[in-house]
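Please open the structure in a viewer and follow the stops below in order. Each stop names a selection and then describes what is found there.

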Amino acid sequence: MAELKKSEKIIEIVNVSKIFDETAAVEDVNLYVRKGEFITFLGPSGCGKTTTLRMIAGFDIPTSGKILLNGKDITNLPPNKRPVNTVFQRYALFPHFNIYDNIAFGLKLKKIPVTYVNDKGETYTKLQKLTRKEIDEKVKNALAVVDLEGFEKRSVSTLSGGQQQRVAIARAIVNEPEILLLDEPLGALDLKMRKEMQIELKEMHRKLGITFIYVTHDQEEALTMSDTIVVMKDGRIQQIGTPTEIYNEPANAFVADFIGDSNILNGTMVDKFTVRFCNHNFQCVDDFEKNEKVDVVVRPEDIEMTDKENGMLSGRVISVVFKGVHYEITAMVGRSEMVIQSTQSRAVGDIIGMNIAPDNIHIMKKEFTVNKYDGYISKKNTVIFGDGKFDCDVTQLYPGSHLDEEGYLITADGEKIDLTDVDVTVEVGLQSIEISDNADEGGAQGHIVSLIYKGDHYQYIVRTEENEEDYVFDSEDLWNENDFVSVKIKPENIRLQLKQEMKQNG
Amino acid sequence: MVKKILSITLCVLILVFIYAPILLLVVYSFTPSNVIGRWEGFSLALYGQLFRNTEIMQILFNTIWLALAAAALSTVLGTAGAIGIFYSRRKVAKPLQAASQIPVINAEIVTAISLALLFSAVLLYRTYFSLIIGHMVLCTPFVVLSVLPKLKQMDSNTYEAALDLGASPAQALFKVVVPQIFSGILSGFMLSITLSLDDYIVTAFTKPPMFDTISTYVYNAVKNGTNSSTPALRALSALIFVVMIAIILIINLRARKPAAKETSK
Amino acid sequence: MVKIHFSRKQLCIPYGLFLALFVVIPMLLILFYAFTETVDGTIRFSFANFLNFFTSTAKLSTLLMSFTIAIISTAICLLIAYPLAYILARSKFKKKNVLLMLFIMPMWINFVLRITALRELLDLIGLLGTDNYLNTIIGMVYDFLPFMILPLYTTLEKLDNSYLEAAADLGGNKFTVFTRVTFPLSMPGVISGITMVFMPSMTNYVVSDTLGNFNITILGKLIDQYFTTYDNWHMGSMISIILLVIIFLTMLLTGRFKDENRDARGANLW
């Protein structure tokens with residue numbers, strides 16, 4: 001995006017991190033919000049979107065970094081001093097007040113400057129509370145905006161979820177904030193209600209003309225409502241863009257997987273603007289280095305079905321599901337699954353052809369090609385890294401070496417080296433890791449924190465508890481997120497490298 | 001059928017066990033006899049004696065005054081403490097809660113002598129100060145125990161919502177948090193009053209020498225064998241029984257009504 | 001100008017200070033007194049009180065007797081309260097709470113007055129002075145019964161009927177349903193009832209004095225005597241420490257540490 005004039009940025013977040021009890025909820029986030037836009041922070045739970053919102057509201061103070069409002073630093077300003085109002089996830093209506101008192105809460109606390117002229121004709125300003133009449137008027141208007149006229153005297157507990165939601169919005173907008181923060185405001189509503197409120201919120205945004213900052217984990221909601229989407233994961237921003245940009249040009253496999261349905265496949269660049277996957281060379285519009293391994297993303301609706309003779313790919317239909325507007329057809333192409341959305345149906349077992357246009361093939365750099373760790377040798381042929389302990393082959397450190405009976409390494413030249421506590425870097429390929437649900441079997445243990453389906457296999461991340469070390473690997477087996485597993489690596493697949501030249505042991 | 005009769009019999013027997021002594025005192029408070037068991041005709045003479053007995057009236061006043069003061073102070077301290085504990089980190093909250101449990105779990109006699117040791121060390125033994133503190137030690141943990149669950153039930157975002165709408169932290173606390181936990185504060189206060197009224201042991205170890213509450217006065221009267229020579233005490237007991245039973249019934253029956261209304265809606 | 005930032009967390013400071021000054025320090029003073037003695041006006045460290053307690057047959061027999069009274073009182077309370085709580089909790093009566101109120105009301109009425117009233121009743125029927133042990137136990141049961149009824153009622157009331165139906169459905173007869181399902185599930189109530197009754201039964205000497213005609217010495221009374229009659233605060237503190245150890249051990253046995261927010265003294269009924 002083009003650099004904007006200072007006046008157009010209402011909020012700027014500069015290098016902000018937030019650390020709770022030694023774990024980073026938000027890491028080095030940089031973004032700005034334009035005046036009047038509808039911006040959405042989107043991501044799975046725990047991605048840092050709510051924490052970012054809470055720092056804008058003032059409920060949490062960043063551990064480091066700055067937050068600017070209209071160019072002024074508000075990082076440490078308490079929430080009651082910010083021209084920002086929040087609609088909370090569970091509404092947080094005051095149960096001991098009726099609807100009127102809930103909405104009037106902010107107005108009753110507010111003091112506005114009023115200018116008077118005294119006997120001598122001098123003017124002076126006094127901070128004054130709003131009059132009862134002014135408050136009544138504003139509350140009435142706010143209730144009209146959310147379609148709840150005449151609800152003033154009702155108690156909170158008599159309202160439905162949707163109505164409470166509207167009161168929460170009225171309570172926030174009645175204070176005429178510059179920015180309205182909405183923290184998953186539709187999360188507690190049922191599907192039909194949610195759809196209705198999405199349209200109403202959008203409409204409200206248009207009418208009020210103020211900035212909306214919206215937090216959700218629902219990608220569809222984000223795509224429908226936002227001017228700008230900020231996709232977050234593990235406290236970091238993955239991509240910032242318009243809904244179209246995010247959908248059509250996902251920055252990485254995570255964004256592609258999280259936004260909409262997608263086929264994510266392993267590919268290799270074979271030539272300029274040519275990528276090979278599923279045993280076929282495709283023309284594409286992205287350019288990468290030749291022979292680079294890449295992730296290929298193809299949206300299901302971008303695959304065109306034809307006869308088996310006319311397709312670039314052909315495959316056998318293994319399932320057909322009717323989805324209302326379209327059919328979702330899954331076909332096996334070689335060992336990869338390909339999901340296709342089409343208005344036409346096919347029978348299970350049919351052989352179909354598939355075509356993909358070059359601009360529908362999205363190619364992105366592989367995020368993980370190899371696991372790298374810092375480790376050290378503990379005793380003969382054992383290396384410690386990534387919160388675990390694995391058998392390895394230390395002779396690879398010195399070509400032609402071997403171990404003697406006492407565990408000392410004898411190099412090709414006959415030198416004797418004690419490797420105990422030697423620092424090494426460790427590399428493990430994505431195909432070299434296996435997992436098991438028997439905790440004692442592997443060298444390290446952790447929970448599966450992420451899985452992404454990549455056509456013919458899943459890419460998993462197993463994270464250990466102690467130091468949150470990640471093991472990324474590909475597997476055809478299906479495991480569940482949060483499964484507790486142990487990580488197995490064969491000794492020959494652990495590639496070691498010395499961190500520095502060893503001192504020789506006489 | 002047999003089961004039902006057995007159940008009712010058991011309930012009735014236990015009720016008789018619980019209320020027989022109370023009823024006995026109430027009945028014999030209406031006869032001027034010095035000894036229980038000898039009915040000398042209906043009369044309000046004992047009540048007349050009771051209200052003319054300035055010593056007993058003073059003691060009654062002492063007891064109520066002490067209970068109200070201790071309960072009020074405990075409620076303020078305990079409510080603030082509960083809010084503080086609720087919003088503190090575990091590292092702070094856990095030890096505070098553990099210390100707060102000590103007087104709840106401890107035998108009253110141990111609490112009493114521990115305070116006696118403390119106050120004699122600082123030359124405040126058997127003063128009004130030690131007495132009030134003694135009762136606060138008994139009551140405050142129970143205030144904390146009745147307020148904490150209400151804080152847990154409260155939607156924690158309402159405090160933040162108040163700040164968000166422009167309230168200062170103090171305004172948010174008094175306008176939003178306190179009203180939501182008010183039922184807990186009130187029950188803590190009521191509980192404190194009953195605990196203070198009920199107490200003998202801590203009072204005995206902390207009270208000024210010439211100060212008596214109903215508990216210490218009656219216990220000493222029994223100990224010195226003077227209780228039968230002051231039959232007015234019977235009227236006092238009977239009066240307290242009836243008043244307390246009435247108060248408890250009224251509060252509880254009233255408290256249940258709005259709740260019942262809510263659910264029927 | 002120094003700006004004082006008001007924070008909700010800071011509200012625990014006064015209570016923290018209060019607890020430190022009037023709860024923690026006094027408890028440490030007990031510990032200090034228990035392991036010291038005053039000789040010629042100077043205080044010095046000593047194990048004498050500790051040794052004295054465990055070599056004095058009088059004190060040990062008081063401990064044993066106190067224990068016996070407390071165990072018998074607790075057992076009787078449990079035997080009376082369990083069937084009662086069961087009947088109340090399982091009854092189809094609409095205003096169960098009012099019924100419960102009748103049974104636990106005494107815990108809000110001054111216990112000295114109630115115990116004195118019981119003394120009058122025992123006197124009237126000629127029991128007072130005949131068997132001081134029996135009368136003390138009657139008094140303990142009378143005073144502490146509500147504290148047994150309430151936790152039992154609370155757990156039995158909450159007991160999900162579907163457990164019992166499931167047990168019956170799986171072929172359990174009434175007896176096995178009770179012994180294998182109802183009773184085990186009501187254990188938390190039983191345990192908190194026992195802790196609520198047992199400890200006061202060992203220490204509340206107002207009951208034993210009033211009903212035992214001032215002839216029964218329980219552990220609480222012994223502590224009181226060392227403070228008020230014998231003026232030996234060191235020994236009194238030592239006995240307190242022993243009492244604390246007993247409390248601690250019973251808590252370990254009953255696992256009360258886990259059950260921190262237990263509704264002691266029926267706070268929720270107000």
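Begin with all chains shown: two pairs of chains are in contact, and of these 2 pairs, chains B and C share the most contacts. Chain A and chain C are joined by no contact, and their closest C-alpha atoms lie 10 Å apart. The model is a predicted one, with an ipTM of 0.88 and a pTM of 0.77.

**Stop 1: where chains B and C meet**

Select the residues on both sides of this contact: 70 come from chain C and 77 from chain B. On the side of chain C that touches chain B, the elements giving two or more residues include α1 (12–34), α3 (57–90), α9 (187–203) and α12 (233–254) of chain C. Colour α1(C) separately, since the largest share of that side, 16 residues, comes from this helix. By class, the side of chain C that touches chain B holds 48 nonpolar, 13 polar and 9 charged residues.

**Stop 2: confidence along chain C**

Keep chain C selected and colour it by pLDDT. The mean for chain C is 85, and 92% of its residues reach 70 or more. Which elements of chain C have the lowest and the highest mean pLDDT? Helix α7 (residues 161–169) of chain C has the lowest, at 78, and α1(C) the highest, at 94. Next, select residues 257–270 of chain C, where pLDDT stays under 50; for this stretch the model has 30 contacts beyond four places in sequence.

**Stop 3: the domains of chain C**

The domain assignment of chain C gives domain 1 (10–45) and domain 2 (66–216). Select each in turn; the centres of domain 1 of chain C and domain 2 of chain C, taken over C-alpha atoms, are 35 Å apart.

**Stop 4: chain B as a whole**

Show chain B alone. How many helices and strands are there in chain B? Chain B has 12 helices and 0 strands. Its C-alpha trace spans about 70 × 65 × 35 Å along the principal axes. Chain B has 265 residues, of which 47% count as buried. Of the contacts in chain B between residues at least 6 apart in sequence, 74% join residues at least 24 apart.

**Stop 5: helices α7 and α8 of chain B**

Select residues 157–164 of chain B for α7(B) and residues 169–180 of chain B for α8(B); these helices pack at an angle of about 145 degrees, with their axes 9 Å apart. Their crossing is right-handed. To see the contact, display T158(B), Y159(B), A162(B) and L163(B) from α7(B), facing P169(B), A172(B), K175(B), V176(B), V177(B) and Q180(B) from α8(B). By class, the residues of this contact are 7 nonpolar, 2 polar and 1 charged.

**Stop 6: where chains A and B meet**

Bring chain A back into view. Its contact with chain B takes 16 residues from chain B and 19 residues from chain A. The helices of the previous stop appear again here: α7 and α8 of chain B each supply at least two residues of the side of chain B that touches chain A. The most comes from α7(B), with 7 residues. That side of chain B divides into 7 nonpolar, 6 polar and 3 charged residues.

**Stop 7: the domains of chain A**

Finish with chain A, for which the domain assignment gives domain 1 (1–83 + 177–248), domain 2 (94–161), domain 3 (253–365) and domain 4 (370–498). Select domain 2 of chain A and domain 3 of chain A together: their C-alpha centres lie 57 Å apart.

Conventions
Residues numbered from 1 in each chain as written. Chains lettered and ligands numbered in written order. Predicted model: local features only at pLDDT ≥ 70, side-chain atom pairs only at ≥ 80, totals over all residues. Axes fitted to C-alpha atoms, helices over the stretch in contact; angles between N-to-C directions. Helix = DSSP H or I, 4+ residues; strand = E, 2+ residues; numbered from the N terminus. Left-handed = near helix turned anticlockwise from the far one by under 90°. Contact = placed C-beta atoms within 7 Å. Nonpolar A, V, L, I, M, F, W, Y, C, P; charged D, E, K, R; others polar. Domains from an automatic or database assignment. pLDDT = per-residue confidence, 0-100. Buried ≥ 20, exposed ≤ 12 C-beta atoms within 10 Å, placed from the backbone.
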